[in-house]
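Trainee: Could you take me through the annotated sites of this model in one close look, with their surroundings described residue by residue?

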Amino acid sequence: MFPSPLQNYTKLNAPTAFSHEQQSPYEIVSKSYGKDAVKVLHVNRRGPVHTIQELEVGTHLKLNSNKDYVLGVNSDVVATDSQKNTVYLLAKKYGVESPEKFALIVGNHFLSKYAHVEEAHVHVEAYPWQRIHQKNQQSQPHNHAFLFSPTAEHYCDVIVRRQAPKQTVISGIRGLRVLKTTQSSFVNFVDDEYRSLADQSDRIFSTVVECAWEYSCTKSVDFLSVWQTVKDIILKNFAGDPNVGIYSPSVQNTLYLSEKDVLDVVPQVAVITMTMPNKHYFTFDTKPFQQVAPGENNEVFIPTDKPHGTIHAVLGRKDLKSHL
Ligand SMILES: O=c1[nH]c(=O)c2[nH]c(=O)[nH]c2[nH]1
């Protein structure tokens, strides 16, 4: 039997048997190439209620030979310009329901179209457009007008591979900046000759949350709704009840409780990572100025960007491996 064109093609491009490479004392340890920040707006015009997704897309490919790098042979190179065109053409063909779904479409396209592509990594950042709600219009969300609301970024990284593991889907939230004026303390920490910070029984707590989670299964996941759920869980654990709030004994504990809630609520999430910088707001010391500002000061603070604490933890399910 004759080999199929595909088998033939794969053989011709069998991983790196070039003599240059065999004789070289060096090896390429890692590689990828692609196009970054491909800006695309997709408008879904089905019916009078339009939906939009404005994205910046990055596509990076790994080929099964090094002949492009080592020999300058471009015959396998899917030009980064073609990768950019692919983003627009797939948006037109399949629409953009969510960053993750679109990234999966783009990544899987590169694997199925080009037999010599070993791995495709698609990074997507979504612009934070939200439907306009006008107070005097019965709060009805607008059909086709949107407000840029940069309260938090939605991004994802999708990696699809010819070999196992076949896919990794990671979603993330960046830049979720929050502050509360009470219901936060930090006391009873190590007390030794290096300590100068007093116990803080009622302090300002402010942070800019970064959070990413990896899915163990993406079948029938509504990525937009999971992203919103994770954001709501973070805000609930930070802010709590609108009247009484929620007590935080440390950034560490607040971070952990959010991660735990996400694993409790979204079974498809295998592992979650969070980083919370502790944006310090120190009380301005009015003691030397009693004539001008008598009494205690719990109203005027000095916002201090640097240095800042950094609190980080990754929480996973005991029975699952992850790439985070
Ligand atoms: O919540 C906190 N955790 C810390 O580890 C820490 N360290 C610090 O100086 N302030 C705080 N606050």
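Mentor: A residue counts as buried under 20% relative accessible area, as exposed over 50%, and as partly exposed in between. The model is a predicted one, and K35, at 25% relative accessibility, therefore counts as partly exposed. K35 is one of the positions that the unreviewed UniProt entry annotates as "active site", together with T80 and H280; these positions are spread over 246 residues of sequence and are also spread in space, with up to 43.4 Å between C-alpha atoms.

Consider first the surroundings of K35, which is placed in strand β1, residues 33–44. Leaving out residues up to four places away in sequence, K35 touches V57, G58, T59 and H60, and also T80, D81, Q83 and K84. T80 is thus a contact of K35, and T80 itself is found in helix α4, which covers residues 80–94. Seen from T80, with residues up to four places away in sequence again not counted, the contacts are Y33, G34 and K35. Because its relative accessible area is 23%, T80 is partly exposed.

T80 also appears in a second annotation, since the unreviewed UniProt entry places the feature "binding site" at T80 and N278. These two span 199 residues in sequence and their C-alpha atoms are 39.8 Å apart, so they do not gather at one spot.

That leads to strand β9, where N278 is placed; H280 also has its place in this strand, which runs over residues 269–283. N278 has a relative accessibility of 10% and therefore counts as buried. Apart from residues up to four places away in sequence, N278 touches R203, S206, V251, H308 and G309. H280, with its neighbours within four places in sequence left aside, is in contact with I302, P303, T304, P307, H308 and G309. H308 and G309 therefore appear in the contacts of N278 and in those of H280.

One of the contacts of H280, I302, also belongs to a nonpolar surface patch of about 620 Å², which is made by L197, F282, F284, F289, V292, V300 and I302. Of these patch residues, V300 lies in the loop between β9 and β10, the latter being residues 301–316, and with a relative accessible area of 46% V300 is partly exposed.

Conventions. Residues numbered from 1 in each chain as written. Predicted model: local features only at pLDDT ≥ 70, side-chain atom pairs only at ≥ 80, totals over all residues. Heavy atoms only, no water. UniProt positions renumbered as here; feature names shortened; annotations may be inferred. Helix = DSSP H or I, 4+ residues; strand = E, 2+ residues; numbered from the N terminus. Buried < 20%, exposed > 50% of the residue type's maximum accessible area, 1.4 Å probe, protein only. Contact = heavy atoms within 4.5 Å. Patch = residues over 30% accessible without salt bridge, like charges linked within 9 Å, V, L, I, M, F, W, Y side chains within 5 Å. Areas by Shrake-Rupley, 256 points an atom, 1.4 Å probe, with all protein chains shown as cover. Salt bridge = Lys/Arg side-chain N within 4 Å of Asp/Glu carboxyl O.
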